[in-house]
Amino acid sequence: MQSSVQWKRRLAALQAGLLAVLLVLFVPAAAFAEGDAAPAPQAKRIGVVSILGDLLYDDHIGFTAFGNKLEKHDVSEWGLDDVWEGKIGAALADLSGAEIVPLSADRAALRVAYPTADDEKSIIAQYRYPKLKRITETLRQLAADNQLDEIVMLASDAYELAGSNQSIESFGLVTFGGSGPGFYYMVADLYLIDGATGEAKTSKSLQDAHSDREHFGKLPSMKIPDELKKTRFSAYTDEQKAALGEEFKTMADEAIPLTLSKLTAPKKSAR
């Protein structure tokens, strides 16, 4: 009699356990069948801003330091920032499926990130390389105003030329003493900014897939035509300046999606 009672208790416990399993397996499925589907993850909202395209550098590197001559020219009328923002946004949408949010950012308020000799007494003031701490709050507020998860920002960088102690920066033209070629170039970084904090999550140097250039590695660049190799930008005709502006609008067409794919790639977890 006692063994029969124990067996019935065990059977009842087994039935209760099986019922619990069936409830776990089939109740959610039934709920979804009635239209209560699990919510899909919301696509990220990403804003894009460029603070690169206002200032062109014309850098001549002589045989000695006394032959070095640097000129800077305001070319904001070319509208490069607008063009580059559009290309970055289109590439981001293709790569990530994110919602790209048009911004009306105050670029002047963001360009205060670039140190100058007037406000920065250090070696970095020589270069147009952004100190992002200066604009963290501006970026955070920009993200908050536009309900952004992230901001992708294009900004100037500096690059030391191979076989030289000279650096170039931003975008423009560089020529060398002697009969060697001159180049148009872009030296820039793409930053991925956290919308909640305004701080950079990561950054990548703007690079294309080529690596056979003597001086520039993978930086976007092209040779200056022979007839303009010894001409400073200030002596270009209006037509030559306009044509150069069009070249810069497309110079990074390969580099932008390639660099963005690295910038937005998920980080591999350490094993």
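Hi everyone. Let me begin with a term: a residue is called buried under 20% relative accessible area, exposed over 50%, and partly exposed in between. With a relative accessible area of 26%, R140 is therefore partly exposed. Please keep in mind that what we have on screen is a predicted model.

R140 has a partner, so let's go there next. Its side chain meets that of E137 in a salt bridge, with 2.7 Å from N to O. Both residues sit in helix α4, and because they are 3 residues apart there, about one helical turn separates them. What about the accessibility of E137? At 47%, E137 also counts as partly exposed, because that value falls between the two cut-offs.

Now for the wider picture of charges. As a general point, side chains of opposite charge can pair when their charged atoms come close. How many salt bridges does a search of the whole structure find? The count is 12.

Here is one that reaches across the chain. D54 and R128 meet through their side chains in a salt bridge of 3.0 Å, N to O. D54 is in the loop between β1 (45-50) and β2 (55-61), while R128 is in the loop between α3 (107-110) and α4 (136-145), so this pair links distant parts of the chain, 74 residues apart. Are these two buried or exposed? D54 has 14% relative accessibility and so counts as buried. R128, at 9%, counts as buried too. The pair also has company: D54, D81, R111 and R128 are linked in a network of salt bridges.

A second long-range pair is D58 with R232, whose side chains form a salt bridge of 3.1 Å, N to O. D58 lies in strand β2 and R232 in the loop between β10 (221-223) and α5 (238-250), so the contact ties together parts that are 174 residues apart in sequence. Both D58 and R232 are buried.

Let's move on to strand β5, residues 150-156. Why can we call this strand largely enclosed by the rest of the structure? Because 7 of its 7 residues are buried. You can check this face by face: E150, V152, L154 and S156 are buried on one side, and I151, M153 and A155 are buried on the other.

Which strands does β5 pair with? One is β1, which runs parallel to β5 and is joined to it by 5 bridges. Within that pairing, V49 has M153 of β5 as its bridge partner. Another is β8, residues 183-194, which pairs with β5 in the antiparallel sense over 7 bridges. There, A155 has D189 of β8 as its bridge partner.

Two last stops. On the surface, K204, K218, K262 and K267 form a positive patch. Take K218 as one of these: it is found in the loop between β9 (200-205) and β10, and at 34% relative accessibility it counts as partly exposed.

Finally, have a look at A93, in helix α2, residues 80-96. A93 counts as partly exposed, at 31% relative accessibility. How far from I46 is A93, in sequence and in space? They are 47 residues apart along the chain, and 9.2 Å apart in space from C-alpha to C-alpha.

That's my tour. Thanks for listening!

Methods. Residues are numbered from 1 along each chain as its sequence is written. This is a predicted model: local features need pLDDT of at least 70, side-chain atom pairs count only at pLDDT 80 or more; totals for chains, interfaces and linings use all residues. Side-chain values use heavy atoms; hydrogens and water are left out. A salt bridge is a side-chain nitrogen of Lys or Arg within 4 Å of a carboxyl oxygen of Asp or Glu. Helices (H or I, at least four residues) and strands (E, at least two) are DSSP runs, numbered from the N terminus. Buried means under 20% relative accessible area, exposed over 50%, partly exposed in between (1.4 Å probe, protein chains only). Patches are made of residues with over 30% relative accessible area and no salt bridge: like charges are joined within 9 Å, nonpolar side chains (Val, Leu, Ile, Met, Phe, Trp, Tyr) within 5 Å. Accessible areas come from the Shrake-Rupley method with a 1.4 Å probe; for residues, only the protein chains shown count as cover. Lys and Arg count as positive and Asp and Glu as negative; His and the chain ends are not counted. The place of a charge is taken as NZ of Lys, CZ of Arg, CG of Asp or CD of Glu. Two strands pair if DSSP finds at least two bridges between them.
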